[in-house]
Amino acid sequence: IMEILLSSAKPEHLMLGKLFGLGSAGLLQMSVWIMSGIAVLLALRTTGDLPESVSISTSVPAIVIGGIYFVLGYFLFGTLMAALGAVTTSQREAQQVTFIVVLPGVVPMWFISQIIQTPEGLLARILSFIPFSAPSASLVRLGVDGMGPVDLVISLTLLLAGVAGAMWLTIRLFRTYLLMYGQRPGLRQIFSTLRHA
């Protein structure tokens, strides 16, 4: 099937189409969850069952920024997962190496209490500037009003650069190794591909 698809479309178009399709589905799913949560909270507020200490923020800028972080974070991790899929020979092998991509994205959750307590602190700022941890760390900082506009612009710019770099890397690997059946390239061969592609 891949050979038939590749005869009518370029590998990078296939990869980007898959990313856009799955990203759109994920964004729709997240939108439904968020709107459902807001509806439940508003219903609880009108019936008086919601404690006064719980606040509902339906700020349009916060929702838009959250959506931007979701989309950029999805493209970063999605493209890197596609790169892993292109250079591994089986689904089991790919699952064994996904921690290389997933682990840096989970790091902010280890320090979530520190980020909440000192959102303008050095650790929180560093984690929101690293593309892998920026989506989750920045959303936590935004949630506690601890991220200024300058940090926001720097974070989004670095995340966008990370996405562009991940796409560049993945397109080259995807184009080269998509049809290699049962042959896993070594690190030296992968670096050579990235240098010469």
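Asp 145 is exposed in this predicted model, its relative accessible area being 74%. The residue lies in the loop that joins helix 8 (134-143) to helix 9. Its backbone is marked by a phi near 55°, a positive value in a residue that is not glycine. Most residues other than glycine have a negative phi. Because the cut-off for an exposed residue is a relative accessible area over 50%, the value of 74% places Asp 145 in the exposed class.

The chain as a whole is helical in its secondary structure, with 10 helices and zero strands. Read from the N terminus, the order of elements is accordingly α-α-α-α-α-α-α-α-α-α. Of the 197 residues in the chain, 34% are buried. The accessible surface amounts to about 12,000 Å², and carbon and sulfur atoms account for 69% of this area. Among contacts with a separation of 6 or more, 65% are made by residues 24 or more positions apart.

The interior contains a largest nonpolar core of 21 residues, in which Met 15, Tyr 69, Leu 76, Leu 152 and Val 163 have the most contacts. At least two residues of this core are supplied by each of helix 2 (11-47), helix 3 (60-87) and helix 9 (149-177). Helix 3 provides the largest share, with nine residues. For Met 15, the contacts beyond its neighbours within four places in sequence are with Ala 82, Thr 170, Ile 171 and Phe 174. A second core, separate from the one just described, has six residues, including Val 107, Ala 124, Leu 127 and Val 140.

Nonpolar side chains also appear at the surface, where a patch of about 950 Å² is formed by Phe 99, Ile 100, Val 102, Leu 103, Val 106, Met 109, Trp 110, Phe 111, Ile 112, Ile 116 and Val 144. Two helices, helix 5 (99-110) and helix 6 (112-117), each contribute at least two residues to the patch. The largest share, seven residues, belongs to helix 5. Met 109, one of the residues of the patch, is located in helix 5. Since a partly exposed residue has a relative accessible area between the 20% and 50% cut-offs, Met 109 counts as partly exposed at 39% relative accessibility.

Definitions and conventions. Residues are numbered from 1 along each chain as its sequence is written. This is a predicted model: local features need pLDDT of at least 70, side-chain atom pairs count only at pLDDT 80 or more; totals for chains, interfaces and linings use all residues. Side-chain values use heavy atoms; hydrogens and water are left out. Patches are made of residues with over 30% relative accessible area and no salt bridge: like charges are joined within 9 Å, nonpolar side chains (Val, Leu, Ile, Met, Phe, Trp, Tyr) within 5 Å. Accessible areas come from the Shrake-Rupley method with a 1.4 Å probe; for residues, only the protein chains shown count as cover. A salt bridge is a side-chain nitrogen of Lys or Arg within 4 Å of a carboxyl oxygen of Asp or Glu. Helices (H or I, at least four residues) and strands (E, at least two) are DSSP runs, numbered from the N terminus. Buried means under 20% relative accessible area, exposed over 50%, partly exposed in between (1.4 Å probe, protein chains only). A nonpolar core is a set of buried Ala, Val, Leu, Ile, Met, Phe, Trp, Tyr and Cys residues joined through side-chain atoms within 4.5 Å. Contact means heavy atoms within 4.5 Å.
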